[in-house]
Amino acid sequence: MSVSSMALAQTLLNGALLGCLFGSIALGLSVKWGHLGVADFFHLSLTLLGAYVTYSLVSEQLWDPFLTLVVTVPAFFLIGVGVQWLFLVLEAEAFTSLLITFALFMVTESAVSKIWSPDLLNLRPMLSDGFTTSIRLPEPLPQLAVQPIDLLALGCAVVMVGVSAYALGHTRSGRAVQAMRQDGEIAQTLGVRVVPLTLLVSGLAAATAAVAGMVVALRMPLSPSLPLQWIGVVVVATMLGGLGRPVGALLAAVAVMMIQNAWSLWFPPQWSPAVAFGVLFLFLGAQPAIRLVRESLTARRLA
């Protein structure tokens, strides 16, 4: 099937912007997995919960979508702290933590279905034109258009990922998190307050789910099973980008969604979710060759 260049460009643009939303969701998972050693699938449920709370506050209480963050961000921060505190109390190993977060993932889906019903809920008909009217790109690309909500997803992703990357790499607390990641006991011996820092990182990671949830509520119809549609892209982006690397997770999510969207132009769309895992398998399969090239280049520099 022939596809025009403009159709391809629009598809890739849409994929990149949707990838920004998934990159925002992957941010919290990447930080907790990489720096706390917890593959927290409950983070996906928190994003869903944030979307539903946003829906209720906007549709029933007529709140501005951005005002909902005043409620959801602190609440989710406390939830993140509570979940991590539970892990510490239970002295949960990585596998135990994984099971607990997966259980919370399943329980949250059932709870959301019970509270809000399993039917699709859509906030878009209630939004003002400022959220729903497409914006044409300026010359020389006036044929391409973007949704304002996608630009919001881009802005949120850039801000959250940028702040996270800067904090991890250029602040004292960030360097303490890096030290804790390498060896918690030695970091504690050197004066790093591991427990408060762990709780803080978990709380901040959960707070990002509140922001991502607001964007989800504005961007797409809600259903309790929505995280099952995200989990492939989010997990693959987290792994491709490097655990604990916010910028890597965002770039990987954008790349995966662009590939996945382009795939749907030529091949059956129902296969597009498998594309993300295909990219991951190719990446993992190429690792021995990449490692060999790196070692060869290092040996040449040292020779």
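The lining of the largest pocket in this predicted model is made up of nine nonpolar, eight polar and four charged residues. The pocket holds about 550 Å³ of space. It is lined by 21 residues, and those closest to its centre are Leu36, Gln84, Leu88, Val194 and Thr198. Two or more lining residues come from each of α1 (5-36), α3 (69-90), α4 (94-116), α7 (172-182), α8 (184-189) and α9 (194-219).

The second largest pocket holds about 370 Å³ of space. Its lining has 18 residues, with Ser164, Ala167, Leu168, Val201 and Leu204 nearest the centre. Here the elements that give two or more residues are α1, α6 (148-170), α7 and α9. Of these elements, α9 contributes the most to the lining, with six residues. By class, the lining of this second pocket divides into 12 nonpolar and six polar residues, and it has no charged residues.

Besides pockets, the structure was searched for enclosed space. Rolling a probe the size of a water molecule over the atoms shows where empty space is left. How many cavities of 30 Å³ or more does the whole structure have? The search finds one. The volume of the largest cavity is about 40 Å³. Its lining consists of Lys32, Asp40, Phe42, His43, Leu46, Ile79, Gly80, Val83, Ser202 and Ala206. At least two of the lining residues are supplied by each of α2 (42-59), α3 and α9. Five residues of this lining are nonpolar, three are polar and two are charged.

The table sets the three spaces side by side.

| Space | Volume | Nonpolar lining residues | Polar lining residues | Charged lining residues |
|---|---|---|---|---|
| Largest pocket | about 550 Å³ | nine | eight | four |
| Second largest pocket | about 370 Å³ | 12 | six | none |
| Largest cavity | about 40 Å³ | five | three | two |

The next topic is the cysteines. A disulfide is a covalent bond between the sulfur atoms of two cysteines. The structure holds zero disulfides. Why does Cys20 not form such a bond with Cys156? The sulfur of Cys156 is the closest cysteine sulfur to that of Cys20, but it lies 10 Å away, which is too far for a bond. Seen from Cys156, the closest cysteine sulfur is that of Cys20, again at 10 Å. Cys20 counts as buried because its relative accessibility is 6%, under the 20% limit. Cys156 is also buried, with a relative accessible area of 14%.

Helix α12 (residues 272-302) has 31 residues. From its first C-alpha to its last it reaches 44 Å, close to the 45 Å expected at 1.5 Å a residue. Where in α12 does a kink lie? The kink, of about 40°, is at Gln287, shortly before the proline Pro288. Buried residues in α12 include Ser272, Val275, Ala276 and Leu280.

Two residues have backbone angles to note. Glu91 is a residue other than glycine with a positive phi, near 50°. Glu91 sits in the loop between α3 and α4. Is Glu91 buried or exposed? With a relative accessible area of 67%, Glu91 is exposed. Ser117 is not a glycine either, and its phi is positive, at about 85°. The loop between α4 and α5 (129-132) contains Ser117. With a relative accessible area of 24%, Ser117 is partly exposed.

Methods:
Residues are numbered from 1 along each chain as its sequence is written. This is a predicted model: local features need pLDDT of at least 70, side-chain atom pairs count only at pLDDT 80 or more; totals for chains, interfaces and linings use all residues. Side-chain values use heavy atoms; hydrogens and water are left out. On a 1 Å grid over the protein atoms alone, a cavity is a set of points where a 1.4 Å probe fits but cannot get out, and a pocket is an open set with protein on both sides within 12 Å along at least five of seven lines; lining residues have an atom within 4 Å of a point. Grid points are joined across faces, edges and corners, and a volume is the space filled by probe spheres set on the points. Helices (H or I, at least four residues) and strands (E, at least two) are DSSP runs, numbered from the N terminus. Ala, Val, Leu, Ile, Met, Phe, Trp, Tyr, Cys and Pro count as nonpolar, Asp, Glu, Lys and Arg as charged, and the others, Gly among them, as polar. A disulfide is a pair of cysteine sulfur atoms within 2.5 Å. Buried means under 20% relative accessible area, exposed over 50%, partly exposed in between (1.4 Å probe, protein chains only). The expected span of a helix is 1.5 Å times one less than its number of residues. The bend at a residue is the angle between axes fitted to the seven residues ending there and the seven starting there.
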